[in-house]
Amino acid sequence: MLDALIASVAELLLGELLQSFSERYPDLNVQATTRWSSDLKEMVFYNELHAAIVQGPVTPAFADGIVAERLLSLNINVVAPKGWMRTSTPTLAECAPGPWILNPEGCSFRKYLISTFQQQGLPYQIKVDGFGTELQMQMVSRGLGLSLLPTSCIRTSAYRDQVEELNLSDFKMES
């Protein structure tokens with residue numbers, strides 16, 4: 001059996017999921033891989049995978065014949081170095097210049113954020129393309145820029161006390 005999930009879910013749950021499967025189904029051969037959601041959906045469509053845990057908008061689109069079930073919702077938030085923002089309700093325009101520390105091309109968070117910047121005519125700068133929540137949190141904690149991450153990842157990070165979540169007055173994202 002081959003299971004797949006996106007990297008942000010893997011960071012949160014993969015160890016626990018594999019342990020639970022191993023304990024409950026000791027004879028089941030589980031192989032896990034991480035890819036972007038769009039890649040995983042395509043792999044399921046072409047029967048390269050039995051199942052996948054993917055991430056996307058609240059009302060995602062799936063190809064005909066694909067059965068999907070929402071497992072959970074993730075709140076996505078902008079994270080900044082502690083004390084970076086001087087106002088209590090910053091706007092996207094105030095944050096847009098960044099610089100930004102984001103996942104590489106293919107990430108739905110990145111795609112949504114950049115699309116929003118472009119729709120609003122806001123300038124932005126991406127300083128780092130880097131995989132992984134902890135890497136991004138470390139760079140944010142060192143004052144190198146802002147990131148867009150699941151709130152649950154921000155709050156469980158080793159760097160959580162050195163950063164702050166920005167509750168933007170004009171930008172909300174849920175996956």
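Here is a short tour of the structure, one selection at a time.

**Before you click**

This is a predicted model, in which local features need pLDDT of at least 70 and side-chain atom pairs count only at pLDDT 80 or more, while totals for chains, interfaces and linings use all residues. Residues are numbered from 1 along each chain as its sequence is written, and side-chain values use heavy atoms, with hydrogens and water left out.

**Stop 1: the whole chain**

Show the protein chain as a cartoon and you'll find six helices and nine strands. Helices (H or I, at least four residues) and strands (E, at least two) are DSSP runs, numbered from the N terminus. Of the 175 residues, 38% are buried. Buried means under 20% relative accessible area, exposed means over 50%, and partly exposed is in between (1.4 Å probe, protein chains only).

**Stop 2: strand 4**

Now select residues 75-81, which form strand 4. Six of its seven residues are buried, so the rest of the structure largely encloses this strand. Add residues 147-150, strand 7: it pairs with strand 4 in the antiparallel sense over four bridges. (Two strands pair if DSSP finds at least two bridges between them.) Look for Val-79, which stands opposite Ser-147. Then add strand 8, residues 163-166, another antiparallel partner of strand 4 with four bridges. Here Val-78 has Leu-166 as its bridge partner.

**Stop 3: Asn-103**

Next, pick Asn-103 in the loop between strand 5 (100-102) and helix 4 (108-119). Is Asn-103 buried or exposed? It is buried, with a relative accessible area of 16%. Show side chains, and you can spot a polar contact of 2.8 Å between Asn-103 and Gln-136. A polar contact is a pair of N or O atoms within 3.5 Å; within protein, one must be able to donate a hydrogen and the other to accept it, and residues adjacent in sequence count only if both atoms are side-chain atoms. Leaving out residues up to four places away in sequence, Asn-103 also touches others, including Trp-36, Arg-110 and Phe-131 (contact means heavy atoms within 4.5 Å).

**Stop 4: helix 4**

Move along to helix 4 and color Phe-109, Arg-110, Leu-113, Ile-114, Thr-116 and Phe-117, which are buried. Seen down the helix axis, the buried residues fall within an arc of 155°, so they line one face of helix 4. (The arc is that of the directions from the helix axis to the C-beta atoms.) On the other side, Lys-111, Gln-118 and Gln-119 are exposed. Finish at Gly-121, just after helix 4, which takes a positive phi of about 65°.
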